[in-house]
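Biologist: Could you walk me through this model and tell me what stands behind each label? I would like the reasoning as well as the result.

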Amino acid sequence: MSLIRRGNAFDPFSVDLWDPFGSGSGGGSLFPSFPRGSSETAAFAGARIDWKETPEAHVFKADVPGLKKEEVKVEVEDGNILQISGERSKEQEEKTDKWHRVERSCGKFMRRFRLPENSKPEQVKASMENGVLTVTVPKDEPKKPEVKSIQISG
């Protein structure tokens, strides 16, 4: 597994590409050390996403609480890169408001995953329920090895 470095982890337009199949360069760590930074996107940049493989499909689940489906985008780039992105807007402040604590994050996020060769990116489906985005990428049928009998002479 590797994480291909493409720039600052907190810049939504300079993204790391998660490649669990090891192609490309990068440190093979599951827990890479991201650079420290402070911006509106810092807290929301790393949207938490689970990826599981079933016999039929690759299933991605992303926690996107408080977002509407119109605020989230799912795309397939170059035929094998799944890209999940979105933006949570900053709450409008009234001049009379006095904030005591701000813990909810806002800003843009983008996550990219290299899909394995057995996926069918043209058949991707996405749904959202209770703040969880589910993206399903069907898999190709496993190819059965072709067996050819050879006649023995002599």
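Modeller: Here is a short tour of the fold, one open sheet and a group of aromatic rings. Please keep in mind that this is a predicted model.

Biologist: Happy to. What makes up the protein chain in terms of helices and strands?

Modeller: The protein chain has zero helices and nine strands, so its pattern along the sequence reads β-β-β-β-β-β-β-β-β. Of its 154 residues, 33% are buried. Among contacts between residues at least 6 apart in sequence, 57% join residues at least 24 apart.

Biologist: Which strands form the open sheet, and in what order?

Modeller: The order is β3-β4-β9-β8, a sheet of four strands with antiparallel pairing.

Biologist: What makes β3 and β8 edge strands?

Modeller: Each of them pairs on one side only. On average, neighbouring strands of this sheet are turned by 15° against each other, direction ignored.

Biologist: How do you know that β3 and β4 pair?

Modeller: Pairing needs at least two bridges. Five bridges join β3 to β4, so the two strands count as paired. One bridge partnership is that of Trp51 with Phe60 in β4.

Biologist: On to the rings. How many aromatic pairs are there?

Modeller: The count is three aromatic pairs. One of them is Trp51 with Phe113: the ring centres are 5.7 Å apart, within the 6.5 Å limit, and the planes stand at 80°, which is over 60, so the pair is edge-to-face. This pair links distant parts of the chain, with Trp51 in strand β3 (residues 49-53) and Phe113 in strand β7 (residues 107-114), 62 residues apart.

Biologist: Why is Trp51 called partly exposed?

Modeller: Its relative accessibility is 23%, and partly exposed covers values between 20% and 50%, so Trp51 gets that label. Phe113 has a relative accessible area of 3%, which is under 20%, so Phe113 is buried.

Biologist: Why is the pair of Phe60 and Phe113 called tilted?

Modeller: The centres lie 5.2 Å apart and the planes make 50°. Stacked needs under 30 degrees and edge-to-face over 60, so this angle falls into the remaining class, tilted. Phe60 lies in strand β4 (residues 57-63) and Phe113 in strand β7, so the pair ties together parts that are 53 residues apart in sequence. Phe60 is buried, and so is Phe113.

Biologist: Which residues do the ring pairs link into a cluster?

Modeller: Trp51, Phe60 and Phe113 are linked by ring pairs into a cluster.

Definitions and conventions. Residues are numbered from 1 along each chain as its sequence is written. This is a predicted model: local features need pLDDT of at least 70, side-chain atom pairs count only at pLDDT 80 or more; totals for chains, interfaces and linings use all residues. Side-chain values use heavy atoms; hydrogens and water are left out. Buried means under 20% relative accessible area, exposed over 50%, partly exposed in between (1.4 Å probe, protein chains only). Contact means heavy atoms within 4.5 Å. Rings of Phe, Tyr and Trp (its six-membered ring) pair if their centres lie within 6.5 Å; planes under 30 degrees apart count as stacked, over 60 as edge-to-face and the rest as tilted. Axes are lines fitted to C-alpha atoms, for helices over the stretch in contact, and angles run from 0 to 180 degrees between N-to-C directions.
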